[in-house]
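Morning, everyone. I have one structure to show you today, so let's get it up on the screen.

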Amino acid sequence: MSVDTPRRIVLLRHAKAEWSQDSDHERPLAERGRKDAPVAGRKLVDSGIVLDLALCSTAARTRETWKLAVHEMPHRPRTVYEERLYEASPGELIAVINETPDDVHDLLVIGHNPGMHAVADALSESAEGDALARMNRGGFPTAAFAVVEFSGSWKGVEHGVGKLVEYWTPND
């Protein structure tokens, strides 16, 4: 695969989590989250995105979101549980994305806000239709995802490199 091949980054925020006495890292999904996560997985399938690699935060709510979403997919991508995605800043998220091997075409990152929203916004120099306006107006609710398309190597992912081609929330 050429480094000039169009690539996609899917940024998925975990589904709705319970507020509990457990540590933040160990918070499980709420009932609504357990309903929304499979819907997000089906929507990704309907979008025609065939993921090559999923990078998932090690937090319980992101792992559970991924388990429910991937169950809806006909093809299970290689999954890496990445501690650095938990509470990651936009710069830290981009650094992790930069480590993606160039044989990966479509990458999924499952993480947390405010990082998911900030990275989707930072990477998107332009957008299809009103996707960027909708994302910035409505925020980045739980189980929402953004798809950013770009050309080039993963090492070259930086602010303004891509185009926001899709933004979806469970309320759409």
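Let's start inside. The largest nonpolar core has 28 residues. Which of them touch the most other members? They are Ile-9, Ile-97, Leu-107, Phe-140, Trp-154 and Tyr-167. Before I go on, please keep in mind that this is a predicted model.

Where does that core come from? Several elements give two or more residues to it. The strands are S1 at 6-13, S2 at 53-57, S4 at 106-111, S6 at 145-151 and S7 at 162-168. The helices are H3, H4 and H5, with H5 running over 131-138.

There is also a second, separate core, of 18 residues. Leu-44, Leu-51, Leu-108 and Val-147 are included in that one.

Back to Phe-140, from the largest core. What does Phe-140 contact, once we set aside neighbours within four places in sequence? The list is Leu-11, Arg-13, Asn-113, Met-116, His-117, Ala-120, Met-135, Phe-145, Ala-146 and Tyr-167. Tyr-167 is a familiar name here, as another of the residues that touch the most other core members.

Next, a pair of helices. Two packed helices are described by the angle between their axes and the distance between the axes. Take H3, residues 90-98, and H4, residues 115-123. Their angle is about 70 degrees, and their axes are 9 Å apart. An angle from 65 to 115 degrees counts as roughly perpendicular. H3 and H4 are therefore roughly perpendicular to each other.

Which residues meet there? H3 brings Pro-90, Leu-93, Ile-94 and Ile-97. H4 brings Gly-115, Met-116, Ala-118, Val-119 and Leu-123. Eight of the residues in this contact are nonpolar, one is polar, and none is charged.

Now helix H1. H1 covers residues 31-46, which makes 16 residues. From first C-alpha to last, H1 reaches 24 Å. That is close to the 22 Å expected at 1.5 Å a residue. Its buried residues are Gly-33, Asp-36, Ala-37, Pro-38, Ala-40, Gly-41 and Leu-44. What do they pack against? The partners are S1, S6, S7 and helix H2, at 60-70. After H1 comes Gly-48, with a positive phi near 80 degrees.

H2 has its own buried set: Ala-60, Arg-61, Thr-62, Thr-65, Trp-66, Ala-69 and Val-70. Their cover includes S1, H1, S2, S3 and S4.

On to some backbone oddities. Most residues other than glycine have a negative phi, and most peptide bonds are trans. Here are some exceptions.

Glu-87 is not a glycine, yet its phi is positive, about 60 degrees. Glu-87 sits in the loop between H3 and strand S3, at 78-82. Is Glu-87 buried or exposed? The cut-off for exposed is over 50%. Glu-87 has a relative accessible area of 61%, so it is exposed.

Ala-143 also has a positive phi without being a glycine, and its value is about 70 degrees. Look for Ala-143 in the loop between H5 and S6. Buried means under 20%. Ala-143 has 1% relative accessibility, so it counts as buried.

What about the peptide bond between Asn-113 and Pro-114? That bond is cis, with omega about 10 degrees. Pro-114 is in the loop between S4 and H4. Pro-114 is exposed, at 67% relative accessible area. The C-alpha atoms of Pro-114 and Gly-139 are 9.4 Å apart, although 25 residues separate the two along the chain.

Two last stops. Gly-160 is in the loop between S6 and S7. Its relative accessible area is 26%, so Gly-160 is partly exposed. Beyond neighbours within four places in sequence, Gly-160 contacts Ala-122, Leu-123 and Glu-125. Leu-123 also came up in the contact of H4 with H3. And Ile-94 is 66 residues from Gly-160 along the chain, with 12 Å between their C-alpha atoms.

Finally, Thr-169, in the segment after S7. Why does Thr-169 count as buried? Its relative accessibility is 7%, so it falls on the buried side. Not counting residues up to four places away in sequence, Thr-169 touches Pro-141 and Ala-144.

That's the tour. Thanks for listening.

Notes:
Residues are numbered from 1 along each chain as its sequence is written. This is a predicted model: local features need pLDDT of at least 70, side-chain atom pairs count only at pLDDT 80 or more; totals for chains, interfaces and linings use all residues. Side-chain values use heavy atoms; hydrogens and water are left out. Axes are lines fitted to C-alpha atoms, for helices over the stretch in contact, and angles run from 0 to 180 degrees between N-to-C directions. Helices (H or I, at least four residues) and strands (E, at least two) are DSSP runs, numbered from the N terminus. Angles under 35 degrees count as roughly parallel, over 145 as roughly antiparallel, 65 to 115 as roughly perpendicular and the rest as oblique. Contact means heavy atoms within 4.5 Å. Ala, Val, Leu, Ile, Met, Phe, Trp, Tyr, Cys and Pro count as nonpolar, Asp, Glu, Lys and Arg as charged, and the others, Gly among them, as polar. A nonpolar core is a set of buried Ala, Val, Leu, Ile, Met, Phe, Trp, Tyr and Cys residues joined through side-chain atoms within 4.5 Å. Buried means under 20% relative accessible area, exposed over 50%, partly exposed in between (1.4 Å probe, protein chains only). The expected span of a helix is 1.5 Å times one less than its number of residues.
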